[in-house]
Amino acid sequence: MDVAVIGTGYVGTTTSIAFAAWDHKVIAVDSDQMKIARLNQSILPFYEEGLERRLERYRESGNLSFTDDLEQGITRSDVLFIAVGTPSSPDGSADLSYVEMVARQIGQMMDKYKVIVTKSTVPVGTGDKIKSIITDELKRRNLSFSFDIVSNPEFLREGRALYDALHPERVVIGCETETARKTMAALYEKIEAPMLYTTIRDAEMIKYAANAFLATKISFVNELARLCDKMGTNIMKVAEGMGLDSRIGPQFLRAGIGYGGSCFPKDTAALLNLAKEQETMLPVLQAASDVNRTQVSWFMERIHHIMGSLAGKKVTLLGLTFKPETDDVREAPSLKIIEQLLQNKAIVSTYDPQGMENVKKIYPQVAYKPTPYEALEGADAIILATEWREILDLDWTKVKDLIAQPYLFDGRNALVPSVMRNLGYCYVGVGIDGRGDYH
């Protein structure tokens, strides 16, 4: 089947590669000519392990191509995926300007029946809006052929996007006609995952609901960690006991310094805004958002409680991306940590395998070191903000000899407290130490 994917960001590129892997002919479109030129050289605009090799493979096979010619992508394809960005507006709502622009362009260029699929994360009712925009454009051209709108939300995890795209746990398809349903079934015929067919509006809500629930799960365990810290209980053991309940499960129950990235913060804000527009309160989700917003400040208070003033002290931040195996620093807790460290006049040194160039654009005054050991030299305190395997596997005995003071603040509960304390560190985790007994 001939497929066009409009937008070559994280979702669009990964989606394109997945459909090419299933032997569809995919043309990926973007208005950014420099990005297209690099993709045509098999160079990704972001970091994702294994994706670049697949990109080169399917380009060479002829299943995947890239262009900045939108009309070529529209006219050559039977199915059009909209995978452009939907960033947050100042009020928290999803900015649909890119989606609406693409919908207008499709209406201006399409020449026959198409199935138009929304892959971008969009508020409930966006499918209706896209349909209206395309219909208006066709009327202006005095054309009346039919088309179908479909919602097919993505559930990709950064760092695992390729695996998730090729081996989805479920495929959600919101459509209104049998023709659209058959077309989508043919697109995914090589997938063994459950296929859930819904209305377009239901599919749009499923995406937001899934991310909101996962964000709430993270914030719940982080809020509980604050109580554990005061009660002398260990959040890791508490979460382990909770996770053994099959109704709860262990995933997303790891206490830390909060969630970040391009999805959870943006999607929870958009869903809260949507609820506000409908004059419906979502107090549980609002509380989850509030906990995440304040989690870094809570963690930094623990640091101040132990170290006192940070003025003039060298603090090494290990990890910058919001999670390992990505270069994405959007809404990363590390950014809030850097901001508070600088406000407290600390000297900040940092290391991250992939995220330093992106953070350097925001905080050029921070020292970015080529190796973690160089970043750690002379440090008065270490903050572990991202659990990269390379960081966890450091020679911590060697690190102990490099640093000035043995304070180690583990914002991800990724290291073993007893091991670190036996090495002589003053180790502090999130909700695992209890009653201020940090030594």
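Which residues line the largest cavity? In this predicted model, the lining is made up of Thr118, Ser120, Thr121, Val122, Ser151, Pro153, Glu204 and Lys207. The space inside the largest cavity comes to about 40 Å³, and the structure holds one cavity of 30 Å³ or more. Rolling a probe the size of a water molecule over the atoms shows where empty space is left.

The open spaces come next. The largest pocket contains about 1600 Å³ of space. It is lined by 50 residues, of which Arg157, Leu214, Phe252, Phe264 and Lys323 are the closest to the centre of the pocket. Several elements supply at least two lining residues each: helix 1 (10–21), helix 7 (161–166), strand 7 (171–174) and helix 9 (200–231). Helix 9 provides the largest share of this lining, with six residues.

Helix 9 is also where Cys228 is found. Is Cys228 buried or exposed? Cys228 counts as buried because its relative accessibility is 5%, and the cut-off for buried is under 20%. Along the chain, Cys228 and Leu253 are 25 residues apart, and their C-alpha atoms are separated by 14 Å.

Strand 7, one of the elements in the pocket lining, is covered on both faces. Val171 and Ile173 lie on one side, Val172 and Gly174 on the other, and all are buried. Strand 7 runs parallel to strand 8 (residues 195–198), and four bridges join the two. Within this pairing, Gly174 is opposite Thr198 of strand 8. Together with helix 8 (residues 178–187), strands 7 and 8 form a β-α-β unit that is right-handed.

Beyond strand 8, the loop that leads to helix 9 contains Thr199. Thr199 is partly exposed, because its relative accessible area is 41%, and partly exposed covers the range between under 20% and over 50%. Apart from neighbours within four places in sequence, Thr199 is in contact with Gly174 and Cys175. Thr199 and Met420 are 221 residues apart in sequence, and the distance between their C-alpha atoms is 53 Å.

Met420 leads to another part of the chain, where an open sheet is found. How many strands does the open sheet have, and in what order? The open sheet has six strands in the order 11-10-9-12-13-14, with parallel pairing. At its edges are strand 11 (367–368) and strand 14, each of which pairs on one side only. Strands of a sheet pair through backbone hydrogen bonds, either parallel or antiparallel.

The pairings can be followed across the sheet. Strand 9 (residues 314–318) pairs with strand 12 in the parallel sense over four bridges, and Thr316 is opposite Ile382 in strand 12. Strand 12 (residues 381–384) is in turn joined to strand 13 by four bridges, the two running parallel. Leu384 stands opposite Asp410 of strand 13. Three bridges connect strand 13 to strand 14 (residues 426–428), again with the strands parallel, and Cys426 in strand 14 is the bridge partner of Tyr407. Between strand 13 and strand 14 the chain passes through helix 18 (residues 417–422), making a right-handed β-α-β crossover.

Which way do the residues of strand 13 point? From strand 13 (residues 407–410), Tyr407 and Phe409 point one way, while Leu408 and Asp410 point the other way. All of them are buried.

Phe409 also belongs to the largest nonpolar core, which has 63 residues. Phe409 is one of those with the most contacts inside this core, together with Ile337, Leu341, Ile382, Ile383 and Trp396. Helix 12 (residues 283–307) gives the most to the core, contributing seven residues. In soluble globular proteins, nonpolar side chains tend to be buried together.

Trp396 gives a closer view of the surroundings. Setting aside neighbours within four places in sequence, Trp396 is in contact with Leu318, Ile382, Ile391, Leu408, Leu415, Met420, Leu423 and Tyr425. Apart from the largest core lies another core of 39 residues, which includes Ala20, Leu51, Val150 and Leu166.

Notes. Residues numbered from 1 in each chain as written. Predicted model: local features only at pLDDT ≥ 70, side-chain atom pairs only at ≥ 80, totals over all residues. Heavy atoms only, no water. Buried < 20%, exposed > 50% of the residue type's maximum accessible area, 1.4 Å probe, protein only. Pairing = 2+ DSSP bridges. Right-handed = clockwise from strand over helix to strand, strands pointing away. Core = buried A, V, L, I, M, F, W, Y, C linked by side-chain atoms within 4.5 Å. Contact = heavy atoms within 4.5 Å. 1 Å grid on protein atoms, 1.4 Å probe; cavity = no way out; pocket = protein on both sides within 12 Å on 5 of 7 lines; lining within 4 Å. Points joined across faces, edges and corners; volume = space filled by probe spheres on them.
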